[in-house]
Amino acid sequence: MKRLFSRICGAALAAALVLSALPAMPARAAGIQVTLNDQPLSFSDAQPLMRDDRTFVPFRAIFETMGATVSWDDASRTVTAKRSDRTVKLTIGRKACTVDRAGADRSFSTDVAPFIEGGRTYVPIRFAAQALGAAVGWDSASQTVLLVDTEKMMQSEFAGQFQAITAMTQFANSVAPTSPRLISGAIGATLTYHTTMGDLPVPITGTITGSESLDAAQFTAAFHADRTAITQAIQDNEGMNVIDENVDALLQKLENFSADGILSRVDGKLYLKSDFLTEVGIAKGQWAMKDLDSTASLTAVKDGDATDFICAQAQKLTLRPGTSTSQVREVVRRLSDQSASSPLNGTGSYSLHWTADNYTAVDMTLVPGQSLTVMRTASPLGADAVPMTTLTTVQTKNGASISYERSASSYNAAIRIDLNNGGAATTAPAVRPS
């Protein structure tokens with residue numbers, strides 16, 4: 001009984017609580033090709049090469065091909081590329097770099113540093129291209145780096161067609177914390193387990209406290225679950241003597257438990273630690289990790305705007321040779337005003353509906369000056385099928401609410417978290433577990 005109960009309740013509750021990068025590039029140094037908008041690029045005097053499992057290209061060739069003006073400062077050994085309102089700076093031997101966008105500096109760290117070899121300066125192509133607003137992919141079969149200039153496409157083919165997403169990102173930025181602040185809130189949930197003993201509802205209440213900044217939110221949550229239905233079902237079906245000390249200990253763990261979490265906008269991940277996660281194989285004291293969907297809060301890049309958000313969505317694609325440009329074009333079209341479902345005249349709400357992938361649909365609605373609602377539904381049967389999961393986030397000036405619903409063969413879950421903004425926090429939240 002203990003094993004059965006653990007499998008049913010532990011796995012389901014952990015799954016309900018725990019709400020991409022490029023594929024690894026093979027370490028081949030020869031024959032690397034690069035395409036930009038599905039057109040092959042040629043490198044006259046220095047070829048792309050592989051180092052530390054990353055592809056590097058001569059900085060002048062790649063930046064100038066993308067329409068940037070480049071310069072080299074010998075004293076600081078710094079490469080600078082300027083295009084439109086973007087200025088990118090990388091320094092030889094350093095992973096730290098900056099991207100200036102319309103006068104707002106942002107600091108980043110690349111996973112590999114630029115270097116000089118054979119009298120040529122090499123930069124990591126993935127970061128260099130993304131810094132100028134391009135999507136980057138890798139085709140292992142042909143050893144080809146695929147680049148699509150998303151930002152240039154937005155400014156040319158779709159110029160002036162982003163009123164709705166611009167208004168949404170502006171509102172998201174307006175309610176974001178300018179300095180670390182406290183957060184608190186309440187949790188309410190009902191988990192209904194489908195068992196041979198019938199449907200067993202488990203009402204859960206809880207509280208959450210912590211702090212947040214532009215980079216992250218760090219919190220502690222305490223939960224209380226009503227085990228009445230489960231206890232009664234065990235007694236009715238198995239008899240009083242089945243609830244021995246082992247089963248009772250498991251029920252007590254379900255009755256009162258806590259969790260520590262970090263929602264990192266820097267890493268794009270949710271980290272979660274709880275003794276309850278031992279029921280699904282997570283060692284006590286260890287952190288579980290889940291990739292975040294940036295559509296949940298429109299914070300694909302901190303302090304980001306519509307261009308940043310759309311470029312981040314395009315980067316999620318698995319680009320394919322010959323069709324990479326059309327793939328990105330479809331993402332841009334879906335996030336343009338062509339997908340708006342209400343008039344964009346400034347007098348009412350702005351709404352966008354789009355399919356993030358084959359299985360996921362996203363609906364975003366802005367009531368100007370009041371709230372931004374993002375609903376993400378997913379189904380293994382397709383984006384337009386009856387959803388298996390629904391995640392809804394509502395942001396306001398005073399706080400936020402998060403709702404999560406899941407329908408599965410073994411359980412149903414309905415969870416709601418209401419958060420309130422508090423005063424200034426004395427310390428900034430961690431962006432990842434220490």
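This report describes the overall make-up of a predicted model, then two loop residues, one pocket and one helix.

**Overall make-up**

The chain of this predicted model contains nine helices and 25 strands. Of its 434 residues, 45% count as buried, and the chain exposes about 20300 Å², of which carbon and sulfur atoms supply 50%.

**Two loop residues with positive phi**

Most residues other than glycine have a negative phi. Against that background, two aspartates deserve a look, and the table sets them side by side.

| Residue | Phi | Loop |
|---|---|---|
| D38 | near 70 degrees | between β1 (33-36) and β2 (39-40) |
| D53 | near 60 degrees | between β3 (49-51) and β4 (54-58) |

The phi of D38 is thus a positive value in a residue other than glycine, and the phi of D53 is likewise positive. For D53 there is also a value for its surroundings: its relative accessibility is 39%, and because this falls between the limits of 20% for buried and 50% for exposed, D53 counts as partly exposed.

**The second largest pocket**

The second largest pocket has a volume of about 210 Å³. Its lining is made up of F43, S44, D45 and A46, together with P58, F59, R60 and A61, and further along the chain I116, G119, R120 and T121. By residue type, this lining divides into six nonpolar, three polar and three charged residues.

Which elements each supply at least two residues of this lining? They are helix α2 (59-65) and strand β11 (120-124). The largest share, three residues, comes from α2.

**Helix α5**

Helix α5 covers residues 163-174, a run of 12 residues, and reaches 16 Å from its first C-alpha to its last, which is close to the 16 Å expected at 1.5 Å a residue.

Seen from the side of burial, A164, I165, A167, M168, T169, F171 and A172 are the buried residues of α5. An α-helix has 3.6 residues a turn, so residues three or four places apart point the same way. That spacing is a useful guide when looking along the helix in the structure.

What do the buried residues of α5 pack against? Their partners are one helix, α8 (306-315), and the strands β20 (350-357), β21 (360-367), β22 (371-378) and β23 (389-396).

Key: Residues are numbered from 1 along each chain as its sequence is written. This is a predicted model: local features need pLDDT of at least 70, side-chain atom pairs count only at pLDDT 80 or more; totals for chains, interfaces and linings use all residues. Side-chain values use heavy atoms; hydrogens and water are left out. Helices (H or I, at least four residues) and strands (E, at least two) are DSSP runs, numbered from the N terminus. Buried means under 20% relative accessible area, exposed over 50%, partly exposed in between (1.4 Å probe, protein chains only). Accessible areas come from the Shrake-Rupley method with a 1.4 Å probe; for residues, only the protein chains shown count as cover. On a 1 Å grid over the protein atoms alone, a cavity is a set of points where a 1.4 Å probe fits but cannot get out, and a pocket is an open set with protein on both sides within 12 Å along at least five of seven lines; lining residues have an atom within 4 Å of a point. Grid points are joined across faces, edges and corners, and a volume is the space filled by probe spheres set on the points. Ala, Val, Leu, Ile, Met, Phe, Trp, Tyr, Cys and Pro count as nonpolar, Asp, Glu, Lys and Arg as charged, and the others, Gly among them, as polar. The expected span of a helix is 1.5 Å times one less than its number of residues. Contact means heavy atoms within 4.5 Å.
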